[in-house]
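Colleague: Could you take me through one part of this model, the surroundings of a single aromatic residue in the nonpolar interior, and set it beside the other aromatic contacts?

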Amino acid sequence: MKFFVDTAEINDIKELNALGIVDGVTTNPSLIAKSGRDILEVTKEICSIVDGPVSAEVVALSADDMIAEGRKLAKIADNIAVKVPLTWDGLKACNVLTNEGHMVNVTLCFSANQALLAAKVGATFISPFIGRLDDLNLDGMELIADIRNMYDNYGYETQILAASIRSANHMSDCAAIGADVATAPPAVIKKMADHVLTEKGLEGFMKDVAKANIKIV
Ligand code: E4P
């Protein structure tokens, strides 16, 4: 499963990228606003750090305006994936932009039918939001499984980009189901390394290191 980082914070992206685990980046208007930076400027910087797809979201609502914004965003770098919302206009924009050869990430997906439409219009990525469904007592992971099954039935090439990931367990659950990509905040990705038994085990080893004065370098 590919790991995308869901942030516009340059230092976090650099830290994780140096570890070789960043396959791409996703941003949205809220993350750009949080960074306090100009969208074109910060997106360009992210594209210069990461080789994989960098999702930059349009802010227009009509198809024509989304297409114009998408074309401008795509000029930033070759690895831009234009992010459009899963509305009827967003689907129209996706169709035009993919036919022009741009990568398109269709975002704010909350149902299997929406994901089916995104695949039909040739989206590169579909972004189902797990956490926001879970917040409503619905089952975000079930949606990922339904889309996986549906896409496999017909061989759709649209990649399932599991989004709105809130916990380390979401990451392993997505991998077990077969999501192509999972995008998560840096803190969630780091949390994947944690285990209470690892901490406890290391504590025991360190006591014995001190007792026996073990040195390597
Ligand atoms: C993904 O592309 C979205 O930017 C993101 O995952 C949304 O997550 P949230 O529901 O935690 O805001």
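Modeller: A contact here means heavy atoms within 4.5 Å, and the model to which this is applied is a predicted one. On that basis Tyr151 touches Ala115, Leu116, Ala119, Ile126, Tyr156, Thr158 and Ile160, when residues up to four places away in sequence are not counted. With a relative accessibility of 0%, Tyr151 counts as buried, since the cut-off for that word is under 20% relative accessible area.

Tyr151 also belongs to the largest nonpolar core, which has 59 residues, and it is listed among those with the most contacts inside that core, together with Ile46, Val84, Val106, Ile126, Ala162 and Ile165. Helix α8, residues 140-154, gives this core its largest share, which is six residues. Ile126 therefore appears twice in this account, as a residue that Tyr151 touches and as another of those with the most contacts inside the core, where the core is a set of buried residues joined through side-chain atoms within 4.5 Å.

Apart from this core lies another, of five residues, including Phe4, Ala81, Phe125 and Val181. Turning to the rings themselves, the structure holds four aromatic pairs, and one of them joins Phe4 and Phe125 in an edge-to-face arrangement, with 5.7 Å from centre to centre and 75 degrees between the planes. Because Phe4 lies in strand β1 (residues 2-6) and Phe125 in strand β6 (residues 125-128), this pair ties together parts that are 121 residues apart in sequence. Phe4 and Phe125 are both buried.

Tyr151 and Tyr156 form an aromatic pair as well, edge-to-face, with 5.7 Å between the centres and 70 degrees between the planes. Tyr156 has a relative accessible area of 23% and is therefore partly exposed, whereas Tyr151, at 0%, is buried. Tyr154 joins these two tyrosines, so that Tyr151, Tyr154 and Tyr156 form one aromatic cluster.

Two backbone details can be added to this picture. Leu108, in strand β5 (residues 103-109), has a positive phi of about 60 degrees although it is not a glycine, and its relative accessibility of 32% makes it partly exposed. Asn213, in the segment after α11 (196-212), likewise is not a glycine yet has a positive phi, of about 50 degrees, and with a relative accessible area of 52% Asn213 is exposed.

Key:
Residues numbered from 1 in each chain as written. Predicted model: local features only at pLDDT ≥ 70, side-chain atom pairs only at ≥ 80, totals over all residues. Heavy atoms only, no water. Helix = DSSP H or I, 4+ residues; strand = E, 2+ residues; numbered from the N terminus. Buried < 20%, exposed > 50% of the residue type's maximum accessible area, 1.4 Å probe, protein only. Phe/Tyr/Trp six-rings, centres within 6.5 Å; stacked < 30°, edge-to-face > 60°.
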